[in-house]
Amino acid sequence: MKASKIAYKPVGLALGAVSGMAAGALFKQTWKILGHDEAAPDATDEERSWHEVLLAATLQGAIFAGVKAAVDRAGATATRRLTGTWPG
């Protein structure tokens, strides 16, 4: 394993935590903007419809994946600028 990849591991873990928090906040705001006053439903929430549960899960997954990809890419780009090597 390359030294740059090993050195990037702690940075990647920190960025992952930050991206998870940012994605969670973005999802909550998006859910409210879509007109839902309540928190997003869980899969086992008996009071919510299939449509609402699946919509929330799909939207949450898309937001999390997009934010994670953007943060990971920005971290790798910043690492290349600082060190001259790509961490991957």
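This short talk looks at a pocket and at two loop residues in one predicted model. Since the model is predicted, local features need pLDDT of at least 70 and side-chain atom pairs count only at pLDDT 80 or more, whereas totals for chains, interfaces and linings use all residues. Residues are numbered from 1 along each chain as its sequence is written, and side-chain values use heavy atoms, with hydrogens and water left out.

Let me start with the largest pocket, a pocket being an open set of points on a 1 Å grid where a 1.4 Å probe fits, with protein on both sides within 12 Å along at least five of seven lines. The volume of this pocket, meaning the space filled by probe spheres set on the points, is about 240 Å³. Its lining, that is, residues with an atom within 4 Å of a point, consists of 17 residues, and F27, K28, A39, A40 and Q60 lie nearest the centre. At least two lining residues come from each of α1 (3-33) and α2 (50-83), where helices are DSSP runs of H or I with at least four residues.

Now, in the loop between α1 and α2 we find R48. Is R48 buried or exposed? R48 is buried, because its relative accessible area is 15%, and buried means under 20% with a 1.4 Å probe and protein chains only. A polar atom of the R48 side chain lies 2.9 Å from the backbone oxygen of A39. Leaving aside residues up to four places away in sequence, R48 touches E38, A39, A40, P41 and V53, contact meaning heavy atoms within 4.5 Å.

Finally, L34 also has its place in the loop between α1 and α2, and the C-alpha atoms of L34 and D72 are 27 Å apart.

Note on methods:
Buried means under 20% relative accessible area, exposed over 50%, partly exposed in between (1.4 Å probe, protein chains only). A polar contact is a pair of N or O atoms within 3.5 Å; within protein, one must be able to donate a hydrogen and the other to accept it, and residues adjacent in sequence count only if both atoms are side-chain atoms.
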